[in-house]
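Biologist: Hi, could you walk me through this one? I'd like to start with how the chains meet.

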Amino acid sequence: MTISLEDRGVGPGLEPERVIEVRDLHMQYGRLEAVRGLDLHVLRGEVFAFLGPNGAGKTTTVEILEGFRRRTSGHVSVLGDDPQLAGPSWRARIGVVLQESAPERDLTVAECLRLYAGYYPAPRGVAETLALVGLADRAGSTASRLSGGQRRRLDVALALIGDPELVFLDEPTTGFDPSARRAAWDMVAGLRTLGVTVFLTTHYMEEAERLADRVAVVVQGRIVAEGTPGSLAGRDRAAVEIRFSLPEGASPEDLPASVRCAVVGRDGERLLVRTASTVSALGPLVRWAEDRGVDLPDLEVRRPSLEDVYLALTVPEQVAVTAPEPTRVP
Amino acid sequence: MTTTAVQLGEHKASRTARLALHQFSYDLRALVRNRQSQFFTLALPILFLLIFASVFSGNDVKVSGGRLSASVVYVPGIMTLGIISASFVNLVISVTAQRESGVLKRRRATPVPAAAIIAGRALTAVVAALGVTVALLAIGWAAYGASIPARTAPALAVTVVVGTVAFCCLGYALTSVIRNEDAAQPVTQALMLPLYFISGVFVPVSSLPSWLVNVADVFPVRHLAAALLVAYNPHTTGSGFAGWDLLIVAAWGGAGLVLAVRRFSWVPLGH
């Protein structure tokens, strides 16, 4: 799901505009270095997913980009301005959906939107915004009585009411049931058609895979991988894994040579084959089974999922047991 | 930032004032609809007036310039409580809740100036305090024959507004040191209840030992109550402005404002 340069309003021969540009960002809290030399950029009109485990510096980075936090050092530009110096005219061009925020108490959905519309110089219409997030039929409901999914839609509506160019979505579907999550994804996909640039933070790989043009993974305050969801960390070039159970009475030695050589071990009861070429392993395997007149009912072929790649990047490798601190001799 | 002013097409001060009124109209709507606010801001002061004025109805109280029925003295006393509920107590509870639930942070992410949100909320408290004052005056007049002062009415109105604004500032100061919304209600009550007892709100000052009155004299509740009594007391000569008391109330408000400006947070403190 890529967007052509023309769609981004960029002429031929020009680089797409970078609406967010971060170079060598550092953030230090006391002795803790939460962000250590982070680089990233987001192009106009794309949906950019920012992934990373808790404590990786994700929230800190997002809060710096939103202008809530002052960085220790580094270059940050959002819509051409430095967020920590930018004023109301800059704020009018961004929308923020926070990870946690309650609705305005004792106001209806439409009143919440009118309150926020008043903050902006050129807001989108209230009815139009409600329709965008699928809350048109709840305009008169008290905001605090909405369901969890509807509240999140209201959060998004409040971020869109100012007609922003760039929207920050911080874990927009955490705690959603599958159908509410689908609906939220459709809504984000709708933002893309409006030409809004989306900076999405999420824990869900399926969400990133479905929505994002580009993803970046942050671990311990640095970007460790960046690319399209399909090619992140060489995922598209990674070996294919084939799993199957040997038919009754067959042993691994009976397998055709091209399969036998690629067997790397077992995954439970099944044999695990890893190969760079799907066809050269799968073809002989299927013909072999056909010749023997047996089926391979639990045959499975897959490339590493985005989640596999993500886990490989983020789960810390077994750290060697470090020697205990030397006892200080007085 | 000249570009800001140009792009927003409006002078900064007039934009802030317009947005403060905008914020006020929604804050007031929310306040009027909130059942907890309805009870603590309007119903409870009325209930207190009815109870105290009935219990001590036979007594006379010595006031400046003569004596008044205890029921009448309770009108400005409970008015003090009503003003503090509408400003200080209500503000601490609602602003702490808004901060901890991310509402303030979300507003801060928009182009609305901070001053507009703060002023809009304070204006809501002023209107609520004036509403409570009118209700208490009407009950005092209907039930206890306490006349509504015409000559000192401007002084009374000014005292209500000065008191409300000062206690809003103190509310903003207190909310900046309360870390979660569960603590807001108990902390405000723990601070205010003892002060109500020693400041002439629940018990006339003339029946308190002098050392206790000296303690109360340090705090703004006593001075707000005294200023309201001066403006309300039919024996008062002149316009009824209690300049010294108002000055002390305003000074407390100013100190609260300084603390609030230094410590006020838009993002949740808890967790």
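Modeller: Sure, and bear in mind that this is a predicted model. In the interface, 25 residues of chain A are in contact with 24 residues of chain B.

Biologist: Which elements of chain A give two or more residues to the side that touches chain B?

Modeller: Those are α2 (88-91) and α3 (109-117) of chain A.

Biologist: And how do the residues on that side of chain A divide into nonpolar, polar and charged?

Modeller: There are 13 nonpolar, five polar and seven charged residues on the side of chain A that touches chain B.

Biologist: Back to α3(A) for a second. At what angle do α3(A) and α5(A) pack?

Modeller: About 25°, with the axes of α3(A) and helix α5 (residues 148-160) of chain A 9 Å apart. That angle makes α3(A) roughly parallel to α5(A), and the crossing is right-handed.

Biologist: Nice. Which residues meet there, between α3(A) and α5(A)?

Modeller: From α3(A) you have A:Val109, A:Cys112, A:Leu113 and A:Tyr116, and they meet A:Leu154, A:Ala157 and A:Leu158 of α5(A). By class, the contact of α3(A) with α5(A) has seven nonpolar residues, no polar ones and no charged ones.

Biologist: Let's switch to sheets. What is the strand order in the three-stranded sheet of chain A?

Modeller: The order is β2-β1-β4 in chain A, an open sheet with antiparallel pairing. Its edges are β2 (32-43) and β4 (73-78) of chain A; each has a single partner strand, so one side of each is left without a neighbour in the sheet. The twist from one strand to the next averages 15°.

Biologist: How many bridges join β1(A) to β4(A)?

Modeller: Five, between β4(A) and strand β1 (residues 18-29) of chain A, and the two run antiparallel. To pick out one pair, A:His26 has A:Ser73 in β4(A) as its bridge partner.

Biologist: Which helix lies across β1, β2 and β4 of chain A?

Modeller: That's helix α1 (residues 58-65) of chain A, which runs at about 125° to β1(A).

Biologist: What about the four-stranded sheet in chain A, which strands stand at the edges there?

Modeller: β11 (263-267) and β13 (300-302) of chain A; each has a single partner strand, so one side of each is left without a neighbour in the sheet. The full order is β11-β12-β10-β13 in chain A, again an open sheet with antiparallel pairing. Here the twist averages 25° from one strand to the next.

Biologist: And what packs on that sheet?

Modeller: Helix α9 (residues 278-292) of chain A, which touches β10, β12 and β13 of chain A and makes about 145° with the direction of β12(A). Within the sheet, five bridges join strand β10 (residues 240-244) of chain A to strand β12 (residues 270-275) of chain A, and A:Val240 is partnered by A:Thr275 in β12(A).

Biologist: Where do the domains of chain A fall?

Modeller: The domain assignment gives domain 1 (13-234) and domain 2 (238-304), and the C-alpha centres of the two in chain A lie 44 Å apart.

Biologist: Last topic, chain B. How do α3(B) and α4(B) cross?

Modeller: The axes of helix α3 (residues 35-55) and helix α4 (residues 70-100) of chain B come within 9 Å and cross at roughly 165°. The helices α3(B) and α4(B) are therefore roughly antiparallel to each other, and their crossing is right-handed. The contact of α3(B) with α4(B) has 13 nonpolar, six polar and no charged residues.

Biologist: Which residues meet between α3(B) and α4(B)?

Modeller: Among them are B:Phe40, B:Leu44, B:Phe48 and B:Phe52 in α3(B), and B:Tyr74, B:Ile78, B:Leu81 and B:Val89 in α4(B).

Terms used:
Residues are numbered from 1 along each chain as its sequence is written. Chains are lettered from A and ligands numbered from 1 in the order in which they are written. This is a predicted model: local features need pLDDT of at least 70, side-chain atom pairs count only at pLDDT 80 or more; totals for chains, interfaces and linings use all residues. Axes are lines fitted to C-alpha atoms, for helices over the stretch in contact, and angles run from 0 to 180 degrees between N-to-C directions. Angles under 35 degrees count as roughly parallel, over 145 as roughly antiparallel, 65 to 115 as roughly perpendicular and the rest as oblique. A crossing is left-handed if the near helix is turned anticlockwise from the far one by less than a right angle, and right-handed if clockwise. Two residues are in contact if their C-beta atoms, placed from the backbone, lie within 7 Å. Ala, Val, Leu, Ile, Met, Phe, Trp, Tyr, Cys and Pro count as nonpolar, Asp, Glu, Lys and Arg as charged, and the others, Gly among them, as polar. Domain bounds come from an automatic or database domain assignment. Two strands pair if DSSP finds at least two bridges between them.
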